[in-house]
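Subject: Structure handover and notes

Dear colleague,

I am passing on the structure we spoke of, and below it you will find my notes on what turned up. Please read them with the model open beside you.

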Amino acid sequence: MEPIPIPNLDDIPPTYPVFKIDLAFYKLGWNNESDMVSLKGYKNPKGTEFYVLFIARKNGDENLNSLISMNLFIPNECSSDEALEFVNYVYNDLLPEYDLNVRSIRLLCQSAHKDLAISRFEEKFSGTLCQRPELVDHHLMVAPTAIKEDMLLPTGYTMHYLKAKHAEYITPFWASDIGIVGIDLDNPKQMNVFRQNIANDLNTKRSSFAIFHEDSDNPVAWIRSYPNGCIGSIHVVDSHRGKGLARALIRRITRHIYDACKTPPCANFHFDNKASINLFLSEGFEMQPFNYIRFFWNVNFDVKQLK
C-alpha cells in the first residue's frame with residue numbers, strides 16, 4: 001500500500017460524508033481534549049484509493065493511545081480481494097500503533113465489504129481471554145444540505161444545552177432505550193461507569209440539546225452529538241410525546257452543527273429502530289451505503305488482555 005496525501009476538508013469526496021464531519025468536529029475542538037484524530041490515505045497498485053480514520057484518546061503516560069473509533073472507507077466498487085488486502089494492512093500494520101484498552105470500538109465501512117471487515121476483526125480477537133465481542137449494527141444517515149428552520153415549541157417548553165449535570169437523570173432512559181450491550185442495568189457499579197462516561201462526554205465543547213417543561217427541572221426530551229460526528233440518542237419522555245419535541249431537537253442540533261462545521265451532520269441508528277429512522281428520513285436525512293458496527297466488551301473486563 002502506498003501512502004497518499006490527505007485532501008483538504010473541502011476536497012473530500014461527497015461519498016465519504018463522515019470524513020468531513022469527523023474532521024470538522026476535531027478542528028473545532030468539540031471533542032474531549034484528550035481525543036486525537038488521525039486520517040490516512042493509501043493507494044494500491046491498481047490505483048484504488050482507501051482511507052482510514054482513527055479516533056484515539058491519550059492514555060496517561062503510556063506510549064500507546066487508546067483506540068476509540070476506526071472508520072474504514074473502502075469503495076463499494078472495488079473487488080473483494082482489494083478490500084481484503086486493505087483490511088489486512090490496517091489490522092496488521094496500523095492497529096499495533098494503538099492500545100485497545102477500551103470497552104468498545106466502532107468500525108465504519110461501506111456495506112458491500114461489511115462482512116469481510118467484521119470477520120477479519122473478530123479473527124484478530126479470537127483465542128483471547130475475553131468474551132466474544134458483541135456486534136451492534138447501525139444504519140448511517142446524512143443530513144440534507146438544505147437545513148430546515150427551527151420549530152416553535154409548545155407553550156411551557158424551552159430548549160437549552162444538555163449538560164453534564166443531566167447525566168444522572170438521562171442515563172437510565174438511554175441505557176434502557178438502546179439495550180446497551182455489556183451493561184447490566186441492575187448493576188450499580190456498571191451503571192455508575194456508564195453515567196460518568198456520559199457526563200464526561202457532555203462536558204466537552206460539543207453541543208447536545210434538551211427541552212425542559214416549566215413544571216420540571218429535569219429535561220423531558222434530549223438529543224446528543226458524538227465524537228464521530230454523528231447525532232443520536234434522541235429520547236422524549238412518554239408523557240411529553242406527540243408534541244413535536246423530537247423534530248424540534250433534530251432541526252436545532254442539525255442547524256447548530258451545520259452552521260459551525262459548514263457540512264451536514266450524520267446520524268446512526270440500530271437497524272431495528274424504525275421509528276427514529278423514519279423520523280429522520282422525514283426531516284430530509286438520507287440513508288448512506290455504510291454500516292456502523294460497534295464491538296462491545298463487558299465494562300468490567302480488562303481489555304488490555306487482548307494485546
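How many helices and strands are there in the protein chain? The chain holds seven helices and 13 strands, and I should say at the outset that this is a predicted model.

**Overall picture**

Of the 307 residues in the protein chain, 53% are buried, and its accessible surface comes to about 14,200 Å², with 47% of that belonging to carbon and sulfur atoms. If one takes the contacts between residues at least 6 apart in sequence, 73% of them join residues at least 24 apart.

**The salt-bridge network around Glu283**

The count of salt bridges comes to seven, and I looked most carefully at those that involve Glu283. Lys148, Arg247, Arg251 and Glu283 are linked in a network of salt bridges, and the individual pairs can be set out as follows.

- Glu283 and Arg247 meet through their side chains in a salt bridge of 2.6 Å, taken from N to O. This pair joins distant parts of the chain, with Glu283 in the loop between helix 7 and strand 13 and Arg247 in helix 6 (residues 245–261), 36 residues apart.
- Arg251 forms a salt bridge with Glu283 in which the closest N and O atoms are 2.8 Å apart. Here too distant parts of the chain are linked, Arg251 being in helix 6 and Glu283 in the loop between helix 7 and strand 13, 32 residues apart.
- Glu283 and Lys148 meet in a salt bridge at 4.0 Å, N to O. Lys148 lies in the loop between strand 7 (134–142) and strand 8 (157–161), 135 residues away from Glu283.

Are the members of this network buried or partly exposed? Glu283 counts as buried because its relative accessible area is 4%, and Arg251, at 18% relative accessibility, counts as buried as well. Arg247, by contrast, is partly exposed at 26%, and Lys148 is partly exposed at 32%. As general background, side chains of opposite charge can pair when their charged atoms come close.

**The nonpolar cores**

The largest nonpolar core has 32 residues, among which Ile211, Ile223, Phe280 and Phe285 touch the most other members. The elements that give two or more residues to this core include helix 1 (17–27), strand 9 (209–213), strand 10 (219–225), strand 11 (230–236) and strand 12 (266–270), while helix 6 gives the most, with eight residues. Helix 6 is therefore worth viewing from both sides of these notes, since it gives the most residues to this core and also holds Arg247 and Arg251.

Ile223 is found in strand 10 and is buried, with a relative accessible area of 0%. Leaving aside residues up to four places away in sequence, Ile223 touches ten residues, namely Leu162, Ser208, Phe209, Gly232, Ser233, Ile234, Leu249, Ile250, Ile253 and Phe280. The C-alpha atoms of Ile223 and Ile211, which are 12 residues apart along the chain, are separated by 9.2 Å.

Phe285, with the same sequence neighbours left out, touches Met141, Val142, Ala143, Pro144, Ile231, Ile250, Thr254, Pro265, Ala267 and Phe280. A second, separate core of 20 residues includes Tyr42, Phe86, Val90 and Leu116.

**Strand 4 and its partners**

Where does strand 4 (residues 65–73) stand with respect to the rest of the structure? Eight of its nine residues are buried, so strand 4 is largely enclosed by the rest of the structure. Strand 3 (residues 49–57) pairs with strand 4 in the antiparallel sense over seven bridges, and within this pairing Leu53 has Asn71 of strand 4 as its bridge partner. Strand 4 also pairs with strand 5 (residues 98–99), in this case in the parallel sense and over two bridges, where the bridge partner of Ser66 is Asp99 in strand 5. Together with helix 2 (residues 80–94), strand 4 and strand 5 make a right-handed β-α-β unit.

With best regards

Notes: Residues numbered from 1 in each chain as written. Predicted model: local features only at pLDDT ≥ 70, side-chain atom pairs only at ≥ 80, totals over all residues. Heavy atoms only, no water. Helix = DSSP H or I, 4+ residues; strand = E, 2+ residues; numbered from the N terminus. Buried < 20%, exposed > 50% of the residue type's maximum accessible area, 1.4 Å probe, protein only. Pairing = 2+ DSSP bridges. Right-handed = clockwise from strand over helix to strand, strands pointing away. Contact = heavy atoms within 4.5 Å. Areas by Shrake-Rupley, 256 points an atom, 1.4 Å probe, with all protein chains shown as cover. Core = buried A, V, L, I, M, F, W, Y, C linked by side-chain atoms within 4.5 Å.
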